[in-house]
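Trainee: Hi, do you have a few minutes to go through a model with me? I'd like to start with one residue and work outwards.

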Amino acid sequence: MYKVINNKRYNTETAKKMAGWDNGLLCNDFDYRSETLYRKKNLEYFIHGEGGAATEYAERDGMNTMFGECIIPLTDETAKTWAQEHLDGESYDLVFGAPQEGTCSITVEISAAAKAKLDAVKSKSGTTQADIIESLLLGL
């Protein structure tokens, strides 16, 4: 599936499939739901979700609802939350690496220019924003 959302391209054919989950029902069941986590080359995550007529992925055709699909962009943190809810520990570690004990989460606001620079370093290095910031702060 290919979709442009907020002027960004999301394509299941070119992104790397990282993990998948489904609710165990047959794909022709109205309640069937499947989600696949993808990572783009620039390290952004998204979900390709699909499901039956009784799910949030259903599409309307006039008065009828039917099987549908969509793409949902995710932040790094939202992708990790999705993985924690849908994957076992080993699968999570394969996608994101083993969580570090003794870490904490923070929320910061930075300028658009600083965010662009952080994204560029992240893309070039293949590491996380947290690792980049921590290495800068710790002088590593």
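Trainee: Is F46 buried or exposed?

Mentor: F46 is buried, with a relative accessible area of 0%. Keep in mind that this is a predicted model.

Trainee: Thanks. Which ring is F46 stacked with, and what makes the pair stacked?

Mentor: That would be Y38. The ring centres of Y38 and F46 are 5.2 Å apart and the planes meet at 10 degrees, so the pair counts as stacked. The cut-off for stacking is planes under 30 degrees apart.

Trainee: And Y38, buried or exposed?

Mentor: Y38 is buried, at a relative accessible area of 11%.

Trainee: Which residues make up the ring cluster?

Mentor: Y10, Y38 and F46 are linked into a cluster by ring pairs.

Trainee: What lies over the face of Y10?

Mentor: K40 does, at 4.2 Å from the ring centre.

Trainee: Where in the chain is K40?

Mentor: K40 is in the loop between β4 (33-39) and β5.

Trainee: A lysine in a loop, then. Does K40 count as buried or exposed?

Mentor: K40 counts as buried, because its relative accessibility is 12% and the limit for buried is under 20%.

Trainee: What is K40 in contact with, leaving aside its neighbours within four places in sequence?

Mentor: K40 is in contact with K8, R9, Y10, A15 and F46. Two of the cluster names come up again there, Y10 and F46.

Trainee: Back to the rings. How many aromatic pairs are there in the whole structure?

Mentor: A search of the whole structure finds five. One of the aromatic pairs is Y45 with F96, which is tilted: 5.4 Å centre to centre, with 50 degrees between the planes.

Trainee: Which elements hold Y45 and F96?

Mentor: Y45 is in strand β5 (residues 45-51) and F96 is in helix α2. The two are 51 residues apart, so this pair links distant parts of the chain. Y45 is also buried, with a relative accessible area of 6%.

Trainee: Let's zoom out. In what order do the elements run from the N terminus?

Mentor: The order is β-β-β-β-β-β-β-β-α-α-α-α. That gives eight strands and four helices in the protein chain.

Trainee: What does the C-alpha trace span?

Mentor: Along its principal axes, the trace spans about 60 × 35 × 25 Å. Of the 140 residues in the chain, 29% count as buried. Among contacts between residues at least 6 apart in sequence, 36% join residues at least 24 apart.

Trainee: New topic: pockets. How much space lies in the largest pocket?

Mentor: About 1900 Å³. The elements that give two or more residues to its lining are β2 (8-11), β8 (68-74), α1 (76-86), α2 (89-96), α3 (112-125) and α4 (129-138).

Trainee: Which residues lie nearest the centre of that pocket?

Mentor: Of the 50 lining residues, D76, E77, K80, Q129 and A130 lie nearest the centre. By class, the lining has 23 nonpolar, 15 polar and twelve charged residues.

Trainee: I also want to check backbone angles. Which residue in the loop between β4 and β5 has a positive phi although it is not a glycine?

Mentor: L43, with a phi of about 75 degrees. L43 is found in the loop between β4 and β5, and it counts as buried at 14% relative accessibility.

Trainee: And what is the phi of N6?

Mentor: The phi of N6 is near 50 degrees, again a positive value in a residue other than glycine. N6 lies in the loop between β1 (2-5) and β2. At 72% relative accessibility, N6 counts as exposed.

Trainee: One last thing. How far apart are the C-alpha atoms of E109 and D31?

Mentor: They are separated by 40 Å, with their positions 78 residues apart along the chain. E109 is in the loop between α2 and α3, and at 81% relative accessibility it counts as exposed.

Key: Residues are numbered from 1 along each chain as its sequence is written. This is a predicted model: local features need pLDDT of at least 70, side-chain atom pairs count only at pLDDT 80 or more; totals for chains, interfaces and linings use all residues. Side-chain values use heavy atoms; hydrogens and water are left out. On a 1 Å grid over the protein atoms alone, a cavity is a set of points where a 1.4 Å probe fits but cannot get out, and a pocket is an open set with protein on both sides within 12 Å along at least five of seven lines; lining residues have an atom within 4 Å of a point. Grid points are joined across faces, edges and corners, and a volume is the space filled by probe spheres set on the points. Ala, Val, Leu, Ile, Met, Phe, Trp, Tyr, Cys and Pro count as nonpolar, Asp, Glu, Lys and Arg as charged, and the others, Gly among them, as polar. Rings of Phe, Tyr and Trp (its six-membered ring) pair if their centres lie within 6.5 Å; planes under 30 degrees apart count as stacked, over 60 as edge-to-face and the rest as tilted. Buried means under 20% relative accessible area, exposed over 50%, partly exposed in between (1.4 Å probe, protein chains only). A charge sits over a ring if NZ of Lys or CZ of Arg is within 6 Å of the ring centre and within 35 degrees of the ring normal. Contact means heavy atoms within 4.5 Å.
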